[in-house]
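Biologist: Could you take me closely through one part of this model, the way its strands pair and what is packed between them? I would like one connected account that I can follow with the structure open beside me.

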Amino acid sequence: MNDTQTAPQVRPIRRIVTVEGSDGRSRIEEDGASPHVMAIHGIPTHAVTELWATTSAPAQPDLADPSKVPVQLAPPTNGTVFRVVEFPPDADWLGQVDAGAAFGSMGSSGADAIAATEDKPHPLMHKTQSVDYAIVMQGEIWAVLDDAETLMKPGDVLVQRATNHAWSNRSDKACLIAFVLVDANG
């Protein structure tokens, strides 16, 4: 989080990380709330919690915490990102945020992600060169596409394949989604 962002006020996400010791035995290296949390759009109840990332395929399991880098919207080239995003109700923030600034706060991949369509159905339409698995954990949210939208509830999974999309929480409660983003060829 940088000095211009509001401190996130979202549910802490417990992260348990394993390690194999020099004796070849597995153990828990870390167990606690992920320290990698960033408010999105400067709204303290809209935040991303980075849990882990990889920078290559196959992944290198013995690297130090790769999530210590600034949050980027898209995964690293040839890599993956595992994150949880808490979406507050749209009524709490929509219309108060500049899309360019919002996505720009998530690095160059965010700035490049804004959907260029003139008639986009949601002001925060975007796309990244990634295959994303989105799993609703709590609450409900609308997955908005150029020509369709669908309501997602706990346990529902969306496979987003490098397409324009947005998330719209039209309820009065927060929605928690786990995402796994995998870099894709464009």
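Modeller: A good place to begin is V19, which stands opposite R27 in strand 2. That placement belongs to a predicted model, and the same holds for everything that follows. The two strands concerned are strand 1, residues 14-20, and strand 2, residues 26-33, which pair in the antiparallel sense over 7 bridges. Together strand 1 and strand 2 make a hairpin with 5 residues between them, and in the turn G24 has a positive phi of about 80 degrees.

Next comes an open sheet of 6 strands, which can be followed in the order 3-4-5-11-6-9 with antiparallel pairing. At its edges stand strand 3 and strand 9 (157-161), each of which has a single partner strand, so one side of each is left without a neighbour in the sheet. On average, neighbouring strands of this sheet are turned by 25 degrees against each other, with direction ignored. Within the sheet, strand 6 is joined to strand 11 by 8 bridges, and the two run antiparallel; if you want a pair of residues to look for, V136 has I177 in strand 11 as its bridge partner.

A further open sheet has 3 strands in the order 8-7-10, again with antiparallel pairing. Its edge strands are strand 8 (149-152) and strand 10, each pairing on one side only, and here too the neighbouring strands are turned by 25 degrees against each other on average when direction is ignored. Strand 7 and strand 8 pair in the antiparallel sense over 4 bridges, and in strand 8 it is L151 that serves as the bridge partner of W142. As background to both sheets, the strands of a sheet pair through backbone hydrogen bonds, either parallel or antiparallel.

Turning from the backbone to the side chains, the largest nonpolar core holds 27 residues, and the members that touch the most other members are V48, F87, I141, M152, W167, I177 and F179. At least two residues of this core come from each of strand 3 (37-40), strand 4 (43-54), strand 5 (80-87), helix 1 (99-104), strand 6 (130-138), strand 7 (141-144) and strand 11 (175-183). Strand 11 gives the most, with 4 residues. There is also a second, separate core of 5 residues, and L51, V84, L176 and A178 are among them.

F179 deserves a closer look: leaving aside residues up to four places away in sequence, F179 touches V81, F82, R83, V85, F87, Y133, A134 and W167. Two of these partners, F87 and W167, join F179 in one aromatic cluster, and the structure as a whole holds 3 aromatic pairs. The rings of F87 and W167 have their centres 6.3 Å apart with their planes at 45 degrees, so this pair is tilted. Because F87 lies in strand 5 and W167 in strand 10 (residues 166-168), the pair ties together parts that are 80 residues apart in sequence. The pair of W167 and F179 is edge-to-face, at 5.6 Å centre to centre and with 75 degrees between the planes. Here W167 belongs to strand 10 and F179 to strand 11, so the parts tied together are 12 residues apart in sequence. F87 and W167 are both buried, and F179 is likewise buried.

To set these details within the chain, there are 2 helices and 11 strands, and along the sequence they follow the pattern β-β-β-β-β-α-α-β-β-β-β-β-β. The radius of gyration is 17 Å, close to the 16 Å that the globule rule gives for 186 residues, so the chain is as compact as a globular protein of that length. Taken along the principal axes, the C-alpha atoms fill a box of roughly 60 × 35 × 35 Å. Buried residues make up 41% of the 186 residues, and among contacts between residues at least 6 apart in sequence, 63% join residues at least 24 apart.

Technical notes:
Residues are numbered from 1 along each chain as its sequence is written. This is a predicted model: local features need pLDDT of at least 70, side-chain atom pairs count only at pLDDT 80 or more; totals for chains, interfaces and linings use all residues. Side-chain values use heavy atoms; hydrogens and water are left out. A nonpolar core is a set of buried Ala, Val, Leu, Ile, Met, Phe, Trp, Tyr and Cys residues joined through side-chain atoms within 4.5 Å. Buried means under 20% relative accessible area, exposed over 50%, partly exposed in between (1.4 Å probe, protein chains only). Contact means heavy atoms within 4.5 Å. Rings of Phe, Tyr and Trp (its six-membered ring) pair if their centres lie within 6.5 Å; planes under 30 degrees apart count as stacked, over 60 as edge-to-face and the rest as tilted. Two strands pair if DSSP finds at least two bridges between them. Axes are lines fitted to C-alpha atoms, for helices over the stretch in contact, and angles run from 0 to 180 degrees between N-to-C directions. The radius of gyration is taken over C-alpha atoms; the globule rule is 2.2 Å times the number of residues to the power 0.38.
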